[in-house]
Amino acid sequence: MALLVSPRVLSFSSTSSSYCSSRDTRRRFFSVAAMATSERRERTKKEESRVAVVWFKHDLRIDDHLGLVAASQYQRVVPLYVFDHRILSRFSDEMLELVLFALEDLRKLLKDQGSNLMVRFGSAENVILELVKEVKATNIFAEEEVEYTLRRMIDIVEDTLSTTVPFPQGSPQIVLWQTPFYDFKNLKELPASYRDFRKLQLPVTSLLEPPILPGVHVELDWGTVPSFDDVKRYMNGNPCKSNERWTLIKEASAKTILRKGHISRFETPNDLIEGLEVSNSGESNGANLNSNQTQRKILENSVFVSREGNLVGGGTDVVLNALAAYLRYLEGTTRNDWQEYYSSFGLARLYDRVHEKLRNAEDRSGASFGALFGSALCLGIISRRRIYYEAIKYERERNAGFLSPFGYSAATVAAAADTVCSMEWYWRMALKSQKSNEGSYSVRIWKWNGYLIQYSVVGHEGPAILLVHGFGAFMEHYRDNMYGIADGGNRVWAITLLGFGKSEKPNIMYTELMWAELLRDFIIDVVGEPAHLVGNSIGGYFVALVAGLWPALVKSVVLINTAGSVIQGYSSVPVTELFIVFKFLYINAQAGIDVCNMFQERRISGVAWLGGRLLLLYLRLRVGNLVKNCYPANTQRADDWLIDEMIRASNDPGVLVVLESVFNFNLSIPLNQLLEIFEGKVLIIQGMRDPISNSELKLSMLREHCSGVVVRELDAGHCPHDERPEEVNFIIREWIVTSERNLHSLLLKASI
């Protein structure tokens, strides 16, 4: 496998890399650097006699596309898009529509460049193998990925090609390409801190223009871009399709469940859902094709996928038009293609949809850009580098060709530029983690709603266990727990939640319900089966939320010095329609707590804005002492590595947004109510010297109001799992054995 990276001047040279995985050590690498003219000409002659396949995945454009530029030097080029269930299953219905519109535009643009787009259904490895045989391709160009499932898919394609009988044209090679912002030569030297990275002041690489491609071969079957119904039928008929009842769980948002009062009770792992209903307020059953959805069409000259949606979609030119309108928000819009015809209750009116949606999505400064353009960036309809160049070009137009050293002159320019620069940083960090062998366990990347999430897994068989960290921590906070728990014959996952550690920190509104939904999706998409959930501090409350809202996904709960309250006066009564909502409102009104904003869109107040900045300053100055105070029985465990990693994360782009969310947290759903709805087994591990909460009082409340909970007291502070890992590991291993035995007994009784 070869690697191409975007140059300042496009050229190729063959080099070796000492910074690669074990699989990469068997591959030849290409970096983009200056070459002698004679060497470049010799390479071009060889390429002119060969055939290249360009495999499109999340790069649905011809603009700023290094793979297409490199392939254009070949005698024949076959652009390809594969409807592979492993890719399609990650998309919502609206994102699938976005893909279809983008493919229509991509095919048109490729035809304008003298080529075409081949469309196929099936597994990528089989489709590419057959195509390579048919056209005698020598190279397959594909964008490099950081997401674990996609990297694995590329590996499978390579293994399939390498294990096939010899090809007449020689063994075909996969060439990975990327278009980074910066002219950064060695990924191994990427600074750990974003602050140190910015000090390098690296130049931004140049954009690439669409190439002229060799003519197509009319004898090939290029296929047609399918309809939305065609894609849904293909997905529903796929044997690897997710359990339909799990799909229902994933489609029911936390707010929907709380509003409607529909909470499934835990039965057994084989009886996942009982009585779950999905709200009709915009959330549909993915197993049933909605005729209204399948009839959605982009309005003429529209920049949005649908009348209902907020996603900018279509082709690259459409997205660029929307971007131009977005950047010029302060000026207003006058061009017809920035305005749309909208009909409501039979009354038609013209108004600016881009700016209206910008205002609606701006729940905090700059958040509207990601909300409107995030999906187009995720699908590669437009490159991050193109967004940056367009923003800077407009900034120069506003300032007579100059860029101010004091920041951007328009909030929209700042939102666009800052978002793509942040995305680039997290993508670089994710790629480094995939290529590095550092650490005692491997790091994987999962993409959730377009954002990069780090996780790790150890163990090959046994019950599934998911470890969830607390506020300000990361998956490595379970550094001495993962293997220790897995040694008991378990499979252990640890996740770094969105907004923490080295996971992405996008400009969105962070809420406890958002984090709970992330954990729900992780269990469904990654773990793939009900799991025992372990949570520390605020992570414990997130775990309790998952258990209370989607109990079919949870086998048991382990709460380690958990956040959340226990409210007196809550009594055990059946869960019925709307009961939960009324009970929450009544109980919390008695306690003087307002939970109404749990169901409302939250916005950052001036107090939260200021508080986030003061909190960040305080944490950077005092993090060492704060962490050590949480380890009163074993302060040596609060070591320099742990503190340095927390300080490193505090310099990441977007960290202020996360800290502002502290002032909007709503933990008003009582733990005792969530745990009673769960009805499963609950273990409380409590460090009795916790400086953050009164452990004695909390345990007395939990024992009094949470029937059946098992409590283990430890001589430790707020993080006993890291302060006394051996003791906690033993307790959890024993708990899992007991819980699995009980679940097995229930399953046997249910089958009789």
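Where does Pro180 lie? Select it and look along the chain on either side: Pro180 is in the loop between strand 8 (173-178) and helix 7 (194-199). Keep in mind while you click around that this is a predicted model.

**Stop 1: Pro180 and its surroundings**

Pro180 counts as buried, because its relative accessibility is 7% and the cut-off for buried is under 20%. Now add Trp425 to the selection. Pro180 and Trp425 are 245 residues apart in sequence, yet their C-alphas are 9.7 Å apart in space.

Leave Trp425 on and bring up some rings. Trp425 belongs to a cluster linked by ring pairs, together with Phe181, Tyr182, Phe184, Tyr194, Phe197, Tyr388 and Tyr389.

**Stop 2: helix 15**

Tyr388 is a handy way into helix 15, as it is one of the buried residues there. Select residues 384-398 to get the whole helix, 15 residues in all. From first C-alpha to last, helix 15 reaches 21 Å, close to the 21 Å expected at 1.5 Å a residue.

Which residues of helix 15 are buried? Colour Arg385, Arg386, Ile387, Tyr388, Glu390, Ala391, Ile392, Tyr394 and Glu395. Then show what covers them: the cover includes helix 12 (316-327), helix 14 (367-378) and helix 16 (411-435). Before moving on, check Ala400, just after helix 15, where phi is positive at about 55°.

**Stop 3: the nonpolar cores**

Next, the largest nonpolar core, which has 112 residues. Start with the members that touch the most other members: Trp55, Phe56, Leu60, Tyr81, Leu103, Phe369 and Phe373. Helix 16 gives the most to this core, with 13 residues. Try colouring by domain here: domain 1 (28-36 + 47-179) and domain 2 (302-427) both give residues to the core, so it lies between them.

Zoom in on Leu103. Setting aside neighbours within four places in sequence, Leu103 is in contact with Leu60, Tyr81, Phe83, Leu117 and Val225. Apart from this core lies another, of 66 residues; to find it, select Trp448, Met514, Val554 and Val682, which are among its members.

**Stop 4: aromatic pairs**

How many aromatic pairs does the structure hold? There are 24, and two of them make a nice contrast in geometry.

- Tyr74 and Phe141: the ring centres are 5.6 Å apart and the planes sit at 90°, so this pair is edge-to-face. Tyr74 is in the loop between helix 2 (66-71) and strand 5 (76-83), while Phe141 is in strand 7 (residues 139-143), 67 residues apart. Both Tyr74 and Phe141 are buried.
- Phe83 and Phe121: this pair is stacked, at 4.8 Å centre to centre with 15° between the planes. Phe83 comes from strand 5 and Phe121 from strand 6 (residues 118-121), 38 residues apart. Phe83 is buried, with a relative accessible area of 1%, whereas Phe121, at 34% relative accessibility, counts as partly exposed.

**Stop 5: two cysteines**

Finish with Cys630 and Cys719. The structure holds zero disulfides, and the nearest cysteine sulfur to that of Cys630 is the one in Cys719, 5.3 Å away. Why is this no disulfide? The two sulfurs would have to be within 2.5 Å to count, so 5.3 Å does not qualify. Cys630 counts as buried at 13% relative accessibility, and Cys719 also counts as buried, at 7%.

Terms used: Residues numbered from 1 in each chain as written. Predicted model: local features only at pLDDT ≥ 70, side-chain atom pairs only at ≥ 80, totals over all residues. Heavy atoms only, no water. Helix = DSSP H or I, 4+ residues; strand = E, 2+ residues; numbered from the N terminus. Expected span 1.5 Å × (residues − 1). Buried < 20%, exposed > 50% of the residue type's maximum accessible area, 1.4 Å probe, protein only. Contact = heavy atoms within 4.5 Å. Core = buried A, V, L, I, M, F, W, Y, C linked by side-chain atoms within 4.5 Å. Domains from an automatic or database assignment. Phe/Tyr/Trp six-rings, centres within 6.5 Å; stacked < 30°, edge-to-face > 60°.
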